[in-house]
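Q: Please take a close look at one part of this structure and then follow its surroundings outward. I would like a plain account that I can check against the picture.

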Amino acid sequence: LNCAHQGPLPKVAAASARRAIRQKMTPQLISENEFDEVPRQLRQALATLIDRPCDEIILGNSATFGIDLIANGIPWKSGDEILLVKGDFPATTVPWMGLRVSGVRLRFVSPANGRFIEVADVEHSLNTNTKALCVSWVNSYSGWKCDVQEIGRVCQEHGVLFVVNGTQGIGRHVLNLSSGRINAIVCSGYKWLCGPYATGFCWLDANTSQMLRKPSLRWWPLRKMDIEHIPEDDAFYAGPQFRDVFCSANCFNFCPWSAAIKYLTSCGIDNVERYGDALVAKLLNGIDGSVFQVISAASSGDRSGIVVVSHADSTKNPLIFDHLAQSGFDIALRKGNLRISPHLYNSQDEIDRFARCINQHGRSL
Ligand SMILES: Cc1ncc(COP(=O)(O)O)c(C=O)c1O
């Protein structure tokens with residue numbers, strides 16, 4: 001019950017990882033072709049997952065990779081302002097911090113409701129210097145999901161670049177990128193997308209992609225050219241293969257991650273979402289409201305795959321966390337609260353057993 005930390009590798013993905021290990025034990029079996037095929041297949045799997053063209057997908061190793069690409073790839077000017085959200089997960093905010101030395105101002109918006117950012121917060125915070133807003137779709141600590149379509153609409157109206165960290169939502173919720181309101185997505189691969197650790201991707205719309213400086217050059221996509229005469233013009237380097245993490249034929253990570261993504265896509269993210277929502281509803285129904293306070297959203301529209309609760313006396317949470325671990329339940333203790341995050345591999349029965357266990361521990365304290 002801890003997918004928000006790490007999602008388990010599906011069996012098809014584990015089989016793919018074993019194949020990659022077998023190959024590396026007999027490297028004569030690794031064909032030249034795979035250096036192109038491994039990144040191609042992963043890019044295709046991600047493009048299908050988010051329903052965007054392959055040439056807009058950049059392969060990375062984390063969510064941080066994508067934010068770094070955007071924060072340090074766009075030539076901001078001194079006086080430009082980037083909006084971030086107070087209390088957001090540090091992967092969404094820290095990669096921007098280095099820009100301060102060049103005069104870029106970072107401003108933290110405090111959500112008026114104290115939990116997650118709403119359209120009104122953004123409207124009140126924009127000014128003529130605001131160039132970008134970067135938010136986590138689902139807050140890792142509170143489980144609240146912000147309305148990225150509405151926030152994106154406001155950003156679009158004001159010409160503000162809207163960057164969304166989809167790490168705690170993509171693979172769990174359907175995300176519509178065809179509205180044109182979101183300009184960039186960054187995402188870790190090892191949570192709701194059930195990939196190995198050190199996987200992630202970035203999606204940029206065509207305009208955002210054009211804003212980026214020329215990438216650092218790497219030899220692999222240029223290997224068939226006369227290296228002394230490789231082109232200098234930026235347009236040549238527009239393809240995503242020039243922005244991928246170096247060594248993108250990373251068989252140990254990218255082959256199983258491709259398999260995991262294809263598996264999720266074959267289930268249908270709309271089905272995954274419905275199934276997960278039912279688990280969350282059952283969990284919220286099962287938790288004793290006279291003992292626990294629910295910190296994540298109560299109403300279904302704002303809920304995510306993350307349920308956060310606290311004992312009425314929050315100092316008891318670490319003890320409850322230990323009891324649950326001893327009873328075989330893997331959840332997380334984050335900012336002093338109990339975070340429960342089931343995904344498609346959990347059953348309704350597991351949720352029932354968990355609710356009984358947490359209630360029993362909670363009441364006995
Ligand atoms: C919202 C969010 N973004 C990103 C990460 C991880 O970042 P990275 O993939 O850069 O390690 C987490 C991990 O908990 C997270 O909750």
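A: A helix here is a DSSP run of H or I with at least four residues, and helices are numbered from the N terminus. The model is predicted. Gln 41 sits in helix α2, and it is a convenient starting point. With a relative accessibility of 31%, Gln 41 counts as partly exposed, because that class lies between the under 20% of buried residues and the over 50% of exposed ones.

Leaving aside residues up to four places away in sequence, Gln 41 touches Ser 258 and Lys 262. Gln 41 and Lys 262 are 221 residues apart along the chain, yet their C-alpha atoms are separated by 9.9 Å.

These contacts lead to helix α8, which covers residues 251-267. Helix α8 has 17 residues and spans 24 Å from its first C-alpha to its last, close to the 24 Å expected at 1.5 Å a residue. Ser 258 is one of the buried residues of α8; others include Phe 254, Trp 257, Ile 261 and Leu 264. The buried residues of α8 pack against the helices α1 (11-25), α2 and α9, and against the strands β1 (57-60) and β7 (200-204). After α8 comes Gly 268, with a positive phi near 90 degrees.

Before α8, in the loop between α7 (206-211) and α8, is Cys 247. Cys 247 is not a glycine, but its phi is positive, about 60 degrees. Its relative accessible area is 69%, so Cys 247 counts as exposed. Cys 194 can be set beside it: Cys 194 also has a positive phi without being a glycine, of about 55 degrees. Cys 194 belongs to the loop between β6 (184-188) and β7. With 2% relative accessibility, Cys 194 counts as buried.

Next come the nonpolar cores. The largest has 79 residues, and Ile 70, Trp 96 and Phe 201 have the most contacts inside it. Helix α2 (residues 34-50) gives the most to this core, with seven residues. Apart from it lies another core, of 20 residues, which includes Leu 284, Phe 329, Leu 338 and Ile 351.

Ile 351 is also one of the buried residues of helix α11. Helix α11 covers residues 348-364, has 17 residues, and reaches 25 Å between its first and last C-alpha, close to the 24 Å expected. Its buried residues pack against α9 (269-286), β8 (292-294), β9 (307-311), α10 (317-326) and β11 (337-340).

The last topic is empty space. The largest pocket has a volume of about 460 Å³. Of the 17 residues that line this pocket, Phe 35, Trp 220, Pro 221, Ser 248 and Ala 249 lie nearest its centre. The lining of the pocket divides into nine nonpolar, two polar and six charged residues. A search of the whole structure also finds one cavity of 30 Å³ or more. The largest cavity has a volume of about 70 Å³, and its lining includes Asp 88, Arg 115, Phe 116 and Trp 144. Six nonpolar, two polar and two charged residues make up the lining of this cavity.

Methods
Residues numbered from 1 in each chain as written. Predicted model: local features only at pLDDT ≥ 70, side-chain atom pairs only at ≥ 80, totals over all residues. Heavy atoms only, no water. Helix = DSSP H or I, 4+ residues; strand = E, 2+ residues; numbered from the N terminus. Expected span 1.5 Å × (residues − 1). Buried < 20%, exposed > 50% of the residue type's maximum accessible area, 1.4 Å probe, protein only. Contact = heavy atoms within 4.5 Å. 1 Å grid on protein atoms, 1.4 Å probe; cavity = no way out; pocket = protein on both sides within 12 Å on 5 of 7 lines; lining within 4 Å. Points joined across faces, edges and corners; volume = space filled by probe spheres on them. Nonpolar A, V, L, I, M, F, W, Y, C, P; charged D, E, K, R; others polar. Core = buried A, V, L, I, M, F, W, Y, C linked by side-chain atoms within 4.5 Å.
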